[in-house]
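The following account leads through the structure shown below, from a set of annotated residues to the chain interface and then to selected helices.

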Amino acid sequence: MPHANALYGPLDPAPDAGYENAPPRMGFFTDTSVCIGCKACEVACKEWNGVPESGLDLLGMSYDNTGALTANSWRHVAFVEQPRSAGWATPAFAGDPDGPAISPATAAVGARTSTDTGTDPGLPTGSPAAAARMSGGPEFLGMPGAQPPGRGSGAEGRTDFRWLMMSDVCKHCTHAACLDVCPTGSLFRTEFGTVVVQEDICNGCGYCISACPYGVIDQRKDDGRAWKCTLCYDRLGVGMTPACAQACPTESIQYGELDELRERAAARVAKLHERGVPEARLYGHDPNDGVGGDGAFFLLLDEPEVYGLPPDPIVTTRDLPAMWKRAGLAAMTMAVATAVAFLGGRR
Amino acid sequence: MAEAHPVGFQWVMEAKRRGAKVFHVDPRFTRTSAVADSYLPIRAGTDIALLGGVVHYILDNELDFREYVVAYTNAATIVTEEYADTEDMHGLFSGFNDDNATYDQASWRYEGHPQDQTTRDSETQRETAAGLENESHGAPVGGETERDETLQHPRCVYQILKRHFARYTPEMVERVCGIPQEKFLELAHAWTENSGRDRTGMLVYSVGWTQHSVGVQYIRTGAIIQLLLGNVGRPGGGVMALRGHASIQGSTDIPTLFNLLPGYLPMPHHAEHPTLDKWVDSIAHPGQKGFWGNARTYGVNLLKAYWGDAATADNDYCYGYMPRMTGDHGTYQQVLDMIDGKIKGYFLLGQNPAVGSAHGRAQRLGMANLDWLVVRDLFMIESATFWQNAPEIETGEIVPERCRTEVFFLPAASHVEKEGTFTQTQRLLQWREKAVEPPGDARSELWFFYHLGRVIRERLATSTKPRDRALLDLTWDYPTHGPHAEPSAESVLREINGYDVATGRPLASFTEMKDDGSTVGGCWIYTGVYADGVNQAARRKPGSEQSLVAPEWGWAWPANRRILYNRASADPDGNPWSERKRYIWWDADKSEWTGYDVPDFEKTKPPSYRPAHDASGVAGIAGDDPFILQGDGKGWLYAPTGVLDGPMPTHYEPVESPVRNPLYRQQANPTRKVYTHPINTLNPSPPQEHSDVFPYVFTVSRLTEHHTAGAMSRNVSPLAELQPEMFVEVSPELAALRGLSHLGWAHLVTSRAAVEAKVLVTDRVTPLRVDGRIIHQVWLPYHFGFEGLVTGDSANDLFGITLDPNVLIQESKVGTCDVRPGRRPRGQDLVDLVVDYRRRSGNLVHRYPPMVTTDVADSSSDQEA
């Protein structure tokens with residue numbers, strides 16, 4: 001009998017997947033408030049997992065030349081330049097002269113940037129028109145963070161500035177839609193509660209790609225198979241720390257038992273609030289969210305959209321039972337109606 | 001620091017986690033600024049004005065750690081009447097000699113001291129970068145000084161310092177550096193508040209700080225602040241240099257420099273050191289106080305290490321075999337000599353001057369005029385392929401078919417493919433094991449030099465020529481192992497450590513060295529690293545299993561001492577300054593110095609010890625003089641000799657600057673080292689005409705993603721893809737001004753070169769208000785070249801060659817340029833563009849002696865004199 005929350009709601013995924021005496025669920029807590037953007041995580045990941053090159057193009061998105069999580073980039077450090085105060089720091093450019101902002105044309109050039117990562121869908125291109133519109137200054141679009149990363153600010157008052165950095169990764173959802181839709185069983189739940197692709201039986205159908213609410217999983221064009229972070233399953237098995245967390249010099253990426261990480265994260269947020277960083281918040285930590293909580297969650301300093309994260313991700317298979325129910329109901333109704341029609345006809 | 005030293009930066013983040021406040025001063029907003037509590041954008045090349053402002057702030061508000069300053073620095077020492085300050089001389093000190101643009105340092109000496117006869121004249125010191133010899137000990141001065149401990153005497157160092165820095169006010173800092181006063185005061189306040197009895201502050205810099213025509217004086221200013229605040233010789237204090245790559249400290253200790261021998265012994269000079277006695281006396285200065293009295297011992301042990309049994313007392317330990325300097329043999333002089341055809345062959349080991357050195361075109365043209373060139377590197381670098389791929393091929397300046405240089409490229413083993421030691425900034429030696437075999441024909445440097453020496457010696461074995469004796473008599477007997485006959489690195493370490501000739505017993509300390517040939521030691525300061533026949537550098541006891549000083553992790557020179565001059569961590573009576581900062585103290589019951597570290601003092605010399613009037617050497621150091629390698633035992637706020645561009649730091653503009661020096665009539669460092677050569681063209685600076693041809697300031701540095709000249713990162717795909725193209729960072733203001741668009745092209749032009757780059761328009765770069773003008777700065781990474789997975793123009797091509805006079809470091813962190821939209825022209829058009837800029841800017845070349853600008857009337861300077 002499947003768990004009542006098998007597709008949605010709080011759950012411990014490994015026992016649910018059938019592991020008896022599963023070890024504690026393991027995960028990542030990425031504290032972006034201490035990230036220095038060194039990209040050691042990206043390099044360590046590529047080295048350990050033999051991930052191929054993902055394009056040698058300058059993207060113009062601040063110092064981010066990776067662009068997004070793709071089949072060829074399993075860690076991605078986002079760089080967000082913002083014309084707003086870091087709160088706890090002295091305004092960076094207070095007292096310095098300022099002048100015209102980046103022209104709309106310049107912003108449009110930046111937004112057209114695309115790169116061939118050798119993967120599909122790979123790196124989506126931005127909208128030049130939208131970027132040009134936004135370069136004119138903050139425009140309330142009903143969303144916080146009106147500026148795309150790396151683009152300019154308004155014309156005056158360039159006193160406040162902050163540069164956010166965040167190492168993104170597969171979230172290893174409690175309810176992993178990629179896994180739910182995989183027809184070959186290539187995607188599977190490990191005993192550590194993580195989600196891994198077995199590349200030798202992936203048939204390249206691509207269902208997982210549209211299923212992922214975070215846009216993480218991606219296909220390599222040359223072999224058609226789906227690839228993503230394995231949370232270094234091979235290292236975990238022998239008690240080692242994943243390569244990215246091992247390489248992180250500032251402990252921005254912390255690896256450990258998820259329960260313990262959630263406690264640590266809560267304490268860190270409290271500490272930051274105490275130190276005058278009210279914008280610190282957690283993302284993906286809540287077992288009651290749309291994916292049942294992430295195995296890899298984050299401490300952010302702004303709204304998730306600013307980092308390119310969906311604000312309210314929901315597992316795409318959440319409504320499967322309801323859909324099946326409705327489909328069944330519809331089928332039954334059809335059958336009844338047909339029967340009635342025939343019965344009626346005989347009368 | 002987060003940008004260039006991310007691994008070391010973890011400790012700054014740890015300190016921040018514990019509540020530390022981090023300040024970051026940088027021309028552009030970097031990854032360090034992103035996590036700093038306060039970011040101060042600064043005009044490149046004005047750090048002495050900023051730090052001078054801090055000195056002024058300390059002295060003006062009497063925030064110095066007075067007891068420390070009086071007892072341990074030369075603040076109370078009185079200087080001779082002959083001394084005249086920059087305040088009196090429009091930015092020059094007394095003793096300036098117009099003929100050769102050097103100072104006669106005699107008038108800077110302490111009151112009552114005779115003029116030093118053993119020191120070389122300033123011009124020879126500049127030619128031989130003599131400042132480097134002072135890296136482990138102060139320049140020679142006598143021990144006894146006249147002092148006024150009330151610090152009121154008008155000619156005591158404290159008052160001289162106060163007067164010298166009187167004009168470095170917060171207003172002046174704002175005017176020169178472009179740093180708003182409020183921000184400057186925030187910095188000065190935090191620094192001073194966190195120093196004293198209970199607290200210490202550390203100054204950490206990266207080597208870009210040294211790459212200025214006043215580089216040594218940058219560091220001096222930092223050291224003066226640290227001395228005034230009592231932050232030297234105490235835990236959590238000091239001035240730390242983050243070196244550009246692994247073991248740069250090691251390569252000055254056991255140097256790869258033309259003017260030094262191991263342990264900071266000077267390379268003999270042909271005229272001044274004709275004999276062993278003259279050489280060692282010039283180091284020891286007979287009759288002088290301090291630890292350098294034993295220079296003969298250190299010198300003889302080195303000669304014994306080189307020539308073993310052949311070195312005897314009768315032949316002055318083969319001193320005659322030593323090569324002699326005849327002048328400047330530094331890397332830039334050599335490149336100009338190559339261009340002029342005076343140098344035939346060259347070895348390049350782990351260095352890529354075609355990209356990494358100033359004036360790339362001169363570097364490449366020089367190498368293209370050699371007979372042979374040996375390049376040892378991990379990858380096929382620009383300095384090995386310049387003859388076929390350099391930008392000069394396109395302009396016709398190098399023709400591959402006619403380039404005479406025969407290049408021998410030899411693949412080298414990387415640091416994980418060979419064993420040996422790294423010495424880091426704390427003087428800590430850490431042994432490295434070999435992790436994997438080098439691929440293919442790649443070999444270690446040790447292998448290369450050992451076998452090169454072996455082959456040469458075999459070829460010369462039957463020679464009877466006297467000139468070959470120096471080679472044939474060398475001790476060249478290192479044991480080898482493995483299929484490639486790799487020499488044993490540990491056996492080299494043993495020789496460096498030193499041993500007793502008769503018994504072979506490794507020496508435990510340099511105090512065991514003898515000057516009679518009975519001991520051998522390759523680098524006296526490293527003696528003890530192989531004590532008891534144990535490789536002490538290989539110790540890896542975890543920090544959790546030992547004291548906070550962790551003495552059993554690696555080995556630090558000298559004598560495994562982790563903090564130098566740590567006598568200063570106790571007060572003059574030998575008690576800790578405070579419980580919190582307790583480190584080394586005098587144990588009166590046992591009558592000895594004790595504490596957490598190895599005391600940097602004679603163990604049983606009590607605090608009350610006072611030397612006899614005529615005492616010399618170590619006996620001349622008093623019980624409360626912590627700076628035991630200085631002749632007077634004091635930390636020098638004022639350098640009475642040895643610093644060629646002045647006893648105290650002075651703000652001079654960079655050699656190429658769009659700004660007239662707001663502080664003095666003297667524009668740039670008057671004693672800087674200049675090379676007059678047709679290729680070494682110069683951008684004009686005020687008060688010269690046409691400085692507006694190059695209106696913008698550019699500075700270069702590193703990205704986290706790449707390493708130095710890029711060979712080790714541009715050839716490695718996981719790194720290359722992270723920063724795949726050469727770019728230039730410009731402010732939105734400059735982009736609008738010059739019509740630059742984000743991700744479009746721009747090119748930068750100087751009187752040497754034009755370099756193109758993609759444009760990143762970013763708020764992280766800001767214009768500055770300097771002396772009433774808006775100054776625009778641009779930033780470029782210097783990692784790119786024409787080989788590798790990702791390529792681009794080299795930023796260092798933009799620079800000319802101007803050096804600091806003390807250590808001959810080049811000014812390669814600041815210059816002036818023009819910025820133009822679009823790609824640079826190609827071929828002859830490129831040459832024409834640069835020639836046209838030169839013509840419009842007055843066709844200047846660096847002149848020698850350097851231009852002194854005191855005679856130029858300028859109303860904007862000296863208003864506050």
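**From an annotated site to the helices of chain B**

In an unreviewed UniProt entry, the feature "binding site" is placed at Cys45(A), Cys229(A), Cys232(A) and Cys244(A). These residues are spread over 200 residues of sequence, yet they cluster in space, with a largest C-alpha distance of 10.5 Å. The model examined here is predicted.

Two of these cysteines may be taken in turn. Cys232(A) lies in the loop that joins strand E8 (226-227) to helix H7 (233-236) of chain A. Because 23 other C-beta atoms lie within 10 Å, Cys232(A) is buried; the threshold for that class is 20 or more. Apart from neighbours within four places in sequence, Cys232(A) has contacts with Trp48(A), Pro242(A) and Ala243(A). Cys244(A), in turn, belongs to helix H8 (residues 243-247) of chain A. Cys244(A) has 28 C-beta neighbours inside 10 Å and therefore counts as buried. When residues up to four places away in sequence are not counted, Cys244(A) touches Cys41(A), Ala44(A), Cys45(A), Arg75(A) and Ile253(A). One of these partners, Cys45(A), is itself among the positions that UniProt lists for the feature.

The wider setting of this site is chain A. Chain A contains ten helices and eleven strands. Of its 347 residues, 49% are buried. Among the contacts in chain A with a separation of 6 or more, 68% are between residues 24 or more positions apart.

Chain A also meets chain B. The contact involves 48 residues of chain A and 53 residues of chain B. On the side of chain A that touches chain B, the elements that give two or more residues are helix H2 (40-49), helix H3 (104-111) and strand E4 (162-169). H2(A) supplies the largest share of that side, five residues. Sorted by class, the side of chain A that touches chain B comprises 23 nonpolar, 15 polar and ten charged residues.

Attention now turns to chain B. Its assigned domains are domain 1 (1-41), domain 2 (42-113 + 121-242), domain 3 (566-626) and domain 4 (673-845). Between the C-alpha centres of domain 1 and domain 3 of chain B the distance is 36 Å.

Helix H9 (residues 215-228) of chain B has 14 residues, and from its first C-alpha to its last it reaches 21 Å, close to the 20 Å expected at 1.5 Å a residue. How many residues of H9(B) are buried? The count is 14 of the 14, so H9(B) is largely enclosed by the rest of the structure. After H9(B) comes Gly230(B), which has a positive phi near 70°.

Helix H24 (residues 827-840) of chain B also has 14 residues; at 1.5 Å a residue they should span 20 Å, and the end C-alpha atoms, 21 Å apart, agree with this. Within H24(B), the residues Val834(B), Tyr837(B) and Arg838(B) are buried. They lie on the same side of H24(B), because the arc they cover around the axis is only 105°. Which residues are exposed on the other side of H24(B)? They are Gln828(B), Asp829(B), Asp832(B), Asp836(B) and Arg839(B). The cover over the buried residues of H24(B) includes strand E22 (681-682), strand E25 (745-749) and strand E26 (754-761) of chain B. Just after H24(B), Gly842(B) adopts a positive phi of about 100°.

On the approach to this helix, Pro825(B) sits in the loop between strand E31 (815-821) and H24 of chain B. Pro825(B) has 15 C-beta neighbours inside 10 Å and so counts as partly exposed. Not counting residues up to four places away in sequence, Pro825(B) touches Leu830(B) and Leu833(B). Pro825(B) and Ala390(B) are separated by 435 residues in sequence and by 16 Å in space, C-alpha to C-alpha.

A last position in chain B is Asp309(B), in the loop between helix H12 (295-307) and helix H13 (331-339). Asp309(B) counts as exposed because it has 10 C-beta neighbours inside 10 Å, and the limit for that class is 12 or fewer. From Asp309(B) to Val455(B) the separation is 146 residues in sequence and 21 Å in space, C-alpha to C-alpha.

Technical notes:
Residues numbered from 1 in each chain as written. Chains lettered and ligands numbered in written order. Predicted model: local features only at pLDDT ≥ 70, side-chain atom pairs only at ≥ 80, totals over all residues. UniProt positions renumbered as here; feature names shortened; annotations may be inferred. Helix = DSSP H or I, 4+ residues; strand = E, 2+ residues; numbered from the N terminus. Contact = placed C-beta atoms within 7 Å. Expected span 1.5 Å × (residues − 1). Arc of directions from axis to C-beta. Nonpolar A, V, L, I, M, F, W, Y, C, P; charged D, E, K, R; others polar. Domains from an automatic or database assignment.
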